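Please examine the sequence and the model shown below. The paragraphs that follow proceed from the overall fold to the ligand, the core and one particular residue.

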Amino acid sequence: MNELADYQYEEWREGAACAEDTEGIFFPDDGDVGAIRRAKSICDDCPVAQDCLLYAIETNQSVGIWGGTTPRERRKLKRQWTEEIRRAS
Ligand code: SF4
């Protein structure tokens, strides 16, 4: 089992800066640049952003803003990390 699969994600949610998201900006409609920017600006100051991002990548969250990233950005990060792990092994 890899360390990400072992990851206890339940606890980090308690510190989420988006816990009070009543606008739904973290799951914006396609192309809603304004909502994406607002969500990312909240993520910028979120104390659990790294945990959130790792969780989203590990669990293949395909929609929404997680850890300050869009789904496309997460796919790119996952490819980069996978390549880095491959090179290191
Ligand atoms: S990083 Fe962003 S999406 Fe993740 S918990 Fe924090 S505010 Fe919410």
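Among contacts in the chain between residues at least 6 apart in sequence, what percentage join residues at least 24 apart? The proportion is 52%. This value, like the others given here, comes from a predicted model. The chain contains 3 helices and 0 strands, and its pattern along the sequence is α-α-α. Of its 89 residues, 16% are buried.

The surroundings of the ligand may be considered next. The shell around the ligand comprises 14 residues, of which Ala 16, Cys 18, Cys 43, Cys 46 and Cys 52 come nearest. Two helices, α1 (33-44) and α2 (49-58), are the elements that give two or more residues to this shell. In terms of residue class, the shell has 12 nonpolar and 2 polar residues, and no charged residues.

Helix α2 also has a buried side. Ala 49, Cys 52, Leu 53, Tyr 55 and Ala 56 are the buried residues in this helix. Viewed down the axis of α2, these buried residues fall within an arc of 165°, and therefore they line one face of the helix. Their packing partners are α1 and α3 (71-88).

The buried residues of α2 recur in the largest nonpolar core, which has 10 residues in all: Ile 25, Ala 39, Cys 43, Ala 49, Cys 52, Leu 53, Tyr 55, Ala 56, Ile 65 and Trp 66. The elements that give two or more residues to this core are α1 and α2, and α2 gives the most, with 5 residues. Two cysteines, Cys 43 and Cys 52, are thus named both among the residues that come nearest to the ligand and among the members of the core. If residues up to four places away in sequence are not counted, Cys 43 touches Ala 49, Ile 65, Gly 67 and Gly 68. Of these contacts, Ala 49 and Ile 65 are also members of the core.

Where does Asn 60 lie? Asn 60 is placed in the loop between α2 and α3, just after α2. Its backbone deserves attention: Asn 60 has a positive phi of about 55° although it is not a glycine. Most residues other than glycine have a negative phi. Is Asn 60 buried or exposed? With 10 other C-beta atoms within 10 Å, Asn 60 is exposed; the cut-off for an exposed residue is 12 or fewer.

Notes:
Residues numbered from 1 in each chain as written. Predicted model: local features only at pLDDT ≥ 70, side-chain atom pairs only at ≥ 80, totals over all residues. Helix = DSSP H or I, 4+ residues; strand = E, 2+ residues; numbered from the N terminus. Buried ≥ 20, exposed ≤ 12 C-beta atoms within 10 Å, placed from the backbone. Contact = placed C-beta atoms within 7 Å. Near = placed C-beta within 6 Å. Nonpolar A, V, L, I, M, F, W, Y, C, P; charged D, E, K, R; others polar. Arc of directions from axis to C-beta. Core = buried A, V, L, I, M, F, W, Y, C linked by C-beta atoms within 7 Å.
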